[in-house]
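Work through the exercises below with the sequence and the model open. Each task is followed by a solution in steps.

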Amino acid sequence: NFVKSLPVELAFAMIAGVQVIAYSAVRDGYGNSVLSMLFLIDVAAVSVYSWLVVLFARYENPFARHLDNAWRLALAELPITLLCVVLRILPLILVSVSGGSLSGSTMFWFVIGAALIAYLCSGWYLKIFSKRLPQ
């Protein structure tokens, strides 16, 4: 699955790079409406990305089909999708609230945090797939 998911990872990394450049342009004074739009694009990208990773790990389908299913699942399971997105960006939220450093919780987020978030979201994903698939 690594070879099949590599294009998704590279595309997501390129989107993240473009977003970093765009955020720096907004920070330099290009307006809050652009910042709001970038935030919505980020939430949509992370939502679809999180479902893409799950679909690539579970099924053997072409990328276009996975992408189509990922955005459909992101919309169909919106509460779980948003909860997983919030959990995934929680370290960034904590950095912005704490003034730019993760001082006391850096070790937690790098050692336990990512695994804990993946574990929680995978449990929710399993429940979603078990109710959608026949026994």
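**Exercise 1. A surface patch**

Which residues form a nonpolar patch on the surface, and about how much accessible area do they have together?

Solution. The model is a predicted one.
Step 1. The patch consists of Met37, Phe39, Leu40 and Ile41.
Step 2. Together these residues have about 410 Å² of accessible area.
Step 3. Take Ile41 as one of the members: its place is in helix H2, which covers residues 32–58.
Step 4. The relative accessible area of Ile41 is 41%, so this residue is partly exposed.

**Exercise 2. The overall fold**

State how many helices and strands the protein has, and describe its burial and surface.

Solution.
Step 1. There are 5 helices and 0 strands, and the pattern along the sequence reads α-α-α-α-α.
Step 2. The protein has 135 residues, of which 27% count as buried.
Step 3. About 9000 Å² is exposed, and 73% of that is supplied by carbon and sulfur atoms.
Step 4. Consider contacts between residues at least 6 apart in sequence: 59% of them join residues at least 24 apart.

**Exercise 3. The largest nonpolar core**

Find the residues of the largest nonpolar core that touch the most other members, and say which elements contribute.

Solution.
Step 1. The core has 18 residues, and those touching the most other members are Trp51, Leu52, Ala70, Cys121, Tyr125 and Phe129.
Step 2. Two or more residues come from each of H2, H3, H4 and H5.
Step 3. H2 gives the largest share, 7 residues.
Step 4. Follow Ala70 outward, leaving aside neighbours within four places in sequence: Ala70 is in contact with Val48, Trp51, Leu52 and Leu55.

**Exercise 4. A histidine in H3**

Decide whether His66 is buried or exposed, and list its contacts beyond four places in sequence.

Solution.
Step 1. His66 is located in helix H3, residues 63–76.
Step 2. Buried means under 20% relative accessible area. His66 has 1% relative accessibility, and therefore counts as buried.
Step 3. With neighbours within four places in sequence set aside, the contacts of His66 are Leu52, Leu55, Phe56, Tyr59 and Asn61.
Step 4. Leu52 and Leu55 are in contact with His66, and Ala70 is also in contact with Leu52 and Leu55.

**Exercise 5. Salt bridges**

How many salt bridges does a search of the whole structure find? Describe each pair by its distance, place and exposure.

Solution.
Step 1. Side chains of opposite charge can pair when their charged atoms come close. The search finds 2 salt bridges.
Step 2. One joins Asp68 to Arg72, with the closest N and O atoms 3.1 Å apart. Both residues lie in helix H3, 4 residues apart, which is about one turn of the helix.
Step 3. Asp68 counts as partly exposed because its relative accessibility is 29%. Arg72, at 47%, also counts as partly exposed.
Step 4. Another joins Lys131 to Glu77, with the closest N and O atoms 3.5 Å apart. This pair links distant parts of the chain, 54 residues apart: Lys131 is in helix H5 (residues 106–132), while Glu77 is in the loop between H3 and helix H4 (78–97).
Step 5. Lys131 has 58% relative accessibility and so counts as exposed. Glu77 has 9% and so counts as buried.

How values were computed
Residues are numbered from 1 along each chain as its sequence is written. This is a predicted model: local features need pLDDT of at least 70, side-chain atom pairs count only at pLDDT 80 or more; totals for chains, interfaces and linings use all residues. Side-chain values use heavy atoms; hydrogens and water are left out. Buried means under 20% relative accessible area, exposed over 50%, partly exposed in between (1.4 Å probe, protein chains only). Contact means heavy atoms within 4.5 Å. Patches are made of residues with over 30% relative accessible area and no salt bridge: like charges are joined within 9 Å, nonpolar side chains (Val, Leu, Ile, Met, Phe, Trp, Tyr) within 5 Å. Accessible areas come from the Shrake-Rupley method with a 1.4 Å probe; for residues, only the protein chains shown count as cover. A salt bridge is a side-chain nitrogen of Lys or Arg within 4 Å of a carboxyl oxygen of Asp or Glu. A nonpolar core is a set of buried Ala, Val, Leu, Ile, Met, Phe, Trp, Tyr and Cys residues joined through side-chain atoms within 4.5 Å.
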